[in-house]
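Reader: Before we discuss any label, please show me the sequence and the structure, and then take me through the reasoning behind each term.

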Amino acid sequence: MLNTNRKKLLEVDGLKQYFNKGQKTEVRAVDDISFYIEEGETFGLVGESGCGKSTTGRSIIRLYTPTAGRILFDGEDIARIRSRAEILRFRRDAQMIFQDPYASLNPRMKVKDIVAEGIDLHDPAKNARERDERVYRMLELVGLDESHADRYPHEFSGGQRQRIGIARALALKPRFIVCDEPISALDVSIQAQVVNLLQDLQKSQNLTYLFIAHDLSMVKFISDRIGVMYYGKLVEVGPSEEIYNYGVHPYTESLLSAIPLPDPEYERSRKRIAYIPQPPGADAKLRAVAPGHFVYCTEAEATAYQEKRNKRVCS
Amino acid sequence: MKDDRSIVDIDANNGTGVGTASADPHDFSPLKLENAAYEREKNESPSLNFMQDSWRRIRKNRSALISMVVLVLLIGVAFTSIWLFPHDPNRQNLAHSNLPPKIPGVTVRGFDGTAADNSGGGAFIDKYAAEGVPEGVYYYLGTDNLGRDLLARLLGGMRVSLLIAFVAAFLDLTIGVTYGLVSGLFGERVDSVMQRILEVLAGIPNLVVLILMLTIFKPGIFTIILAMIVTGWISMARIVRAQTMKLKNQEYVLAAVTLGQSKAVIAAKHILPNISGVVIVQMMFSIPQAIFFEAFLSFIGLGLRPPEASLGTLLNEGYKAFRVLPYQMWVPTVTLSVLMISFNLLADGLRDAFDPKMKE
């Protein structure tokens, strides 16, 4: 699964995103996190509500201006770009899928115009006919058809709307997509539909995903690697199998223990592990406990985690 | 195919079991599923856009509908009368002063040209005959103490009121909406500065603004409009700002930012259409306010000056003679009230139509 030869498409280095900086109400939503995403890979970001995972996604897509740190996208530091031309070039390559399908489509625009918004902006069609054709192709890509193009968003179900949102993001032919909890507002049968669509599109369009969610089992299903966030920090990163089976940070363990399984035998004996936050040590940072598997800890803790992990692998 | 058969089976069982003997299994045909994926995504309901949907709702609101008709009639009459009823509202005819209303063919007291005789005993006499008005001359709403035709003056006054209404709406839509959008969309420091300016402007009572204007300009419609330019759009600006702030963090606006859309396009394409209901309603409420503002100023003598006709000056002249010649006050009072009530009821109806969730 881990392929070191692949190009790193996105590299986040020491990203900080503070709100109301310097005031009493300062919020450190994202506090010094670093990770990378390779081309064609899905990187899952999990954590509880308010831990900063959505903020991370929005900073990367430049909906916010980062307080500090570098965001290297294809070698270019997009945390620093200011001019409209540069921003527009970045927007072509990086798009976002939003959480709430009921809020992410403008209720006053026809589906056709929603999907074509990016086309009009970056690569205008020569005439109305060509524009329509391109919109229809996008709709077909996500399993809708041209009869839907002239309708308004409120006429669609949640799953259909989410697919319209996906079509809008794909219209620019981006290379990288931030999926900000794209399935958590949908019911379970539709979740599978959307996740499968995302995976098919990843293969056919050669996309790279940053997949944000709070449902570890879904993230494990779709991701190649997983990052676990807690309180603005990245506490554990690694390949998804490794995290799912041998996650060693106490917060990861707590998250894993919360996953329900459709098995009454298991459910009866399942014990939730509560996470008691510990103040991090002075020299805490991400340290390797296994190849590609990093945990946020101090030097001393690292060896303990390493042993814990190895014991689990052997047992 | 399995599904198809089961539908037929259920119907056949019902036919015998429940006792509807007339139901024959052969009457039913299997449900055709030609293209499952297509059928699943199909959307059969008719597509209504925002305006069609609102119109459907406002049609059910009787008071709003009546108000709309009344307003259309009033506006139509006020402006077509410039050509169809070309009487100068300021032309005096002292020989015909203080004549009561007289409408041809109407014998209802008060509209037949009779009035109580002031000199003796309260008997009703034909004023037109008493004043020696020639046969065939009718003043539908009577005349005032200078013999000016009240109907012509009323129509002139309505034109002034409606002009003020139009100016109020125009200022709301231009200065108010733009100010609110810019303030709300940029936020932070720009917003702080713009809101402080607004608070200073809102702190000055508009009567004071007008009186200050009067030190430079002559009283009249121009001065009233100037005063409205200074303060008339403030409540609209505040409402638009609040709505903009609410909407600018909506995901569809964020999506537009992600696509690389500029602020101006976001304001015009994403925010404005979604607050249009609120904007229209606020505009409709500010119109009667402005009409009343003008009438009030003209009444106390700070607005239009006699002999110019306005609902305010008509009221001012009418109330002095109310006890002897009540029609001189009734006419402008009823007109002003009908105008304001109609605008208010229509605004109410529009609010319910644009945002049915706000009703409760």
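**Reasons behind the labels**

Author: Arg153(B) and Glu317(B) form a salt bridge in which the closest N and O atoms are 3.8 Å apart. The model is a predicted one, in which local features need pLDDT of at least 70, side-chain atom pairs count only at pLDDT 80 or more, and totals for chains, interfaces and linings use all residues. Side-chain values use heavy atoms without hydrogens and water, residues are numbered from 1 along each chain as its sequence is written, and chains are lettered from A and ligands numbered from 1 in the order in which they are written.

Reader: Why is the pair Arg153(B) and Glu317(B) called a salt bridge?

Author: The term requires a side-chain nitrogen of Lys or Arg within 4 Å of a carboxyl oxygen of Asp or Glu. The closest N and O atoms of Arg153(B) and Glu317(B) are 3.8 Å apart, so the pair falls within the cut-off. Arg153(B) belongs to helix α6 (residues 150-186) of chain B and Glu317(B) to helix α13 (residues 311-320) of chain B, so the pair ties together parts that are 164 residues apart in sequence. Helices here are DSSP runs of H or I with at least four residues, strands are runs of E with at least two, and both are numbered from the N terminus.

Reader: What makes Arg153(B) and Asp144(B) buried?

Author: A residue is buried under 20% relative accessible area, exposed over 50%, and partly exposed in between, with a 1.4 Å probe and protein chains only. Arg153(B) has a relative accessible area of 0% and Asp144(B) one of 3%, so both residues are buried by this rule. Arg153(B) also forms a salt bridge with Asp144(B), where the closest N and O atoms are 3.8 Å apart.

Reader: How do you know that Lys7(A) and Asp74(A) meet in a salt bridge, and are these residues buried or partly exposed?

Author: Their side chains come to 3.1 Å, N to O, which is within the 4 Å that the term allows, and therefore the pair qualifies. The partners are 67 residues apart, Lys7(A) in the segment before β1 (8-19) of chain A and Asp74(A) in the loop between β4 (68-73) and β5 (76-77) of chain A. Lys7(A) is partly exposed, at 41% relative accessible area, and Asp74(A) is partly exposed as well, at 35%. The search of the whole structure finds 28 salt bridges over all chains.

Reader: What makes Gln95(A) buried, and which residues does Gln95(A) touch?

Author: Gln95(A), in strand β6 (residues 94-97) of chain A, has 2% relative accessibility and therefore counts as buried. Contact means heavy atoms within 4.5 Å. Not counting residues up to four places away in sequence, Gln95(A) touches residues that include Ile61(A), Leu172(A), Phe176(A), Thr258(B) and Leu259(B). A polar atom of the side chain of Gln95(A) lies 3.0 Å from the backbone oxygen of Thr258(B).

Reader: How many residue pairs are in polar contact between chain B and chain A, and how many salt bridges cross that interface?

Author: There are 13 residue pairs in polar contact, both residues at pLDDT 80 or more, whereas the rule finds 0 salt bridges across the interface of chain B and chain A. A polar contact is a pair of N or O atoms within 3.5 Å; within protein, one must be able to donate a hydrogen and the other to accept it, and residues adjacent in sequence count only if both atoms are side-chain atoms. On the side of chain B that touches chain A, α2 (36-41), α11 (251-259) and α12 (263-300) of chain B each supply at least two residues, and the largest share, 8 residues, comes from α11(B).

Reader: How many residues of chain B are in contact with chain A, and what area is buried between the chains?

Author: In chain B, 27 residues are in contact with 38 residues of chain A. The two chains bury about 2700 Å² between them, 49% of it on carbon and sulfur atoms, where buried area is the accessible area (1.4 Å probe) that two parts lose on being put together, summed over both.
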